[in-house]
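Q: Could you pick one stretch of this model and go over it closely? I'd like to know what surrounds it, and then how other parts of the fold are put together.

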Amino acid sequence: MVYLDNAATTWPKPPTVIGTMVDSLREYGANPGRSGHKMSLRAMEKIYECRELVSDFFGLDNPGNVIFTQNATHALNIVIRGILKRGDHAVCTAMDHNSVLRPIFDGMENVKVSVAKPDSTGSLTSSDIESLIKPNTKLVVMTHVSNVCGTIMPINETAKLCRKNGIRFMIDASQSAGILDIDIKSIGADYLAASGHKGLYGPMGTGILCINSSLIPDPILFGGTGSNSKELFQPRELPDRFECGTLNLPGICGLAEGIRFVQGNGTGKIYSAEMKLTSTLLSELSHIPGIEIIGNKDTSGRTGVVSFVCDRYSPSAIAAYLDRECGVAIRSMYHCAGLAHKYLKTENGGTARISLGAFNSWQDIDVLIGGIKKLCS
């Protein structure tokens, strides 16, 4: 299988990720933070190791401000639903994933929301955000990288704008963590959500929330934390305030190894390698009759997420053909970001999406392009 669906989840995972997950179940698979025996304490040590790794990786001062979640969607919900109250105003963007848009719209009738609109390449500027700010704007949420067309968003400029206006800023780093350098403190963002199973090369069922703010969201989930067990109220302390129930020990151990894999290779090296492949991919696609690349046509301001449409076949037909006839895995249709397609002008059927990862090669691009050329000939 030529796997080119890394924006959905990266594959394969580094062998160390798999081995560590197996070891955690085999050697110290007790409940972390719930007991005082040696296995439980070792499990808790492994959790804390990963907390320190994440804190260092994203530039946080305090590892306790790293919250482990079941995915980035969970992390986004904690902040969006835990901060916005009746009468507040929030700003998001049309390029955001449904993991931002649904929590901010569904059931939030008492919160007003403005949506920043991109240009035809999916690009935004901080001015687009600034024009939407109101006196009661409390939160701005922005994806770092579009999962539809790979466009990189202006998070540094937007963070500066939010600080100037006393507004909290949250980054959805699901498509950028492990690919682009992110230092939450240098950027000046208040919150960051990331998937563990994408560019960080951890397993599914892992996510991260980094809190770099004095404004702590109200919890949206309540339950056992292993601390203050005699009380009937959720702890105020981080990370316990948001980590209800048994943590995903195997997943978090695997996530730690995924982060070590990224650190060992370096985000700069990973991004550079992906962009070399992306440059060839964009060039080859642009010479196939009937193919239109969606978003930036070159490597400027983008990552290795490339969407395209064909005037003869639907995106779903292209993906099905590549899977069946060529052994190539890509994704088709709307990519859980339906609003983006309105501005990319791909509402009718979405796009065929290719997304590169650290394990892809020139041979993968050759097989993919050969399959598309055969289909379109």
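A: Let's start with helix H4, where the buried residues are Asn98, Ser99, Val100, Leu101, Pro103 and Ile104. Keep in mind that this is a predicted model. H4 runs over residues 98-105, and with 6 of its 8 residues buried, it is largely enclosed by the rest of the structure. What does the covering? The buried residues of H4 have helix H3 (72-83) and helix H11 (338-344) over them, along with strands S3 (89-93), S4 (112-116), S5 (137-143) and S6 (168-172), among others. After the helix comes Gly107, with a positive phi near 75°.

Now for the rest, beginning with a sheet. Four strands make up an open, antiparallel sheet in the order S9-S10-S13-S12. S9 (291-294) and S12 (331-333) sit at the edges, each pairing on one side only. From one strand to the next, the twist averages 30°. Inside the sheet, S10 (residues 305-310) and S13 are joined in the antiparallel sense by 4 bridges, and Val306 has Ile354 in S13 as its bridge partner. Helix H10 (residues 315-326) packs on this sheet, where it touches S10, S12 and S13, and its direction makes about 160° with that of S12.

Val306 turns up again if you look at Thr278, a residue of helix H9 (residues 267-286). Thr278 is at 0% relative accessibility, so it counts as buried. Neighbours within four places in sequence aside, its contacts are Thr299, Arg302, Thr303, Gly304, Val306 and Leu356.

On to the nonpolar cores. The largest one has 55 residues, and Val54, Phe58, Phe68, Phe169 and Ile208 have the most contacts inside it. Helix H8 supplies the largest share of this core, 8 residues. Take Phe58 as an example: beyond its neighbours within four places in sequence, it is in contact with residues including Ala177, Ile182, Ile184, Leu192, Ala194, Leu200, Ile208 and Cys210. Asp183 and Lys185 are also among the residues that Phe58 contacts. There is a second, separate core of 27 residues, which includes Phe308, Ala319, Leu356 and Ile372. Leu356, then, is both a contact of Thr278 and a member of that second core.

H8 also brings us to the aromatics, with 5 aromatic pairs in the structure. In one of them, Tyr201 and Phe261 meet edge-to-face, 5.2 Å centre to centre and with 65° between the planes. That pair links distant parts of the chain, 60 residues apart: Tyr201 lies in the loop between S7 (191-195) and S8 (207-211), whereas Phe261 belongs to H8 (residues 249-265). Tyr201 counts as buried because its relative accessibility is 2%, and Phe261 is buried too, with a relative accessible area of 17%. Phe261 has another partner in Phe359: their ring centres are 5.5 Å apart and their planes at 20°, so this pair is stacked. Here too distant parts of the chain are linked, 98 residues apart, from Phe261 in H8 to Phe359 in the loop between S13 (351-355) and H12 (362-376). Phe359 is partly exposed, at a relative accessible area of 37%. Put together, Tyr201, Phe261 and Phe359 form one aromatic cluster.

Note on methods
Residues numbered from 1 in each chain as written. Predicted model: local features only at pLDDT ≥ 70, side-chain atom pairs only at ≥ 80, totals over all residues. Heavy atoms only, no water. Phe/Tyr/Trp six-rings, centres within 6.5 Å; stacked < 30°, edge-to-face > 60°. Helix = DSSP H or I, 4+ residues; strand = E, 2+ residues; numbered from the N terminus. Buried < 20%, exposed > 50% of the residue type's maximum accessible area, 1.4 Å probe, protein only. Contact = heavy atoms within 4.5 Å. Pairing = 2+ DSSP bridges. Axes fitted to C-alpha atoms, helices over the stretch in contact; angles between N-to-C directions. Core = buried A, V, L, I, M, F, W, Y, C linked by side-chain atoms within 4.5 Å.
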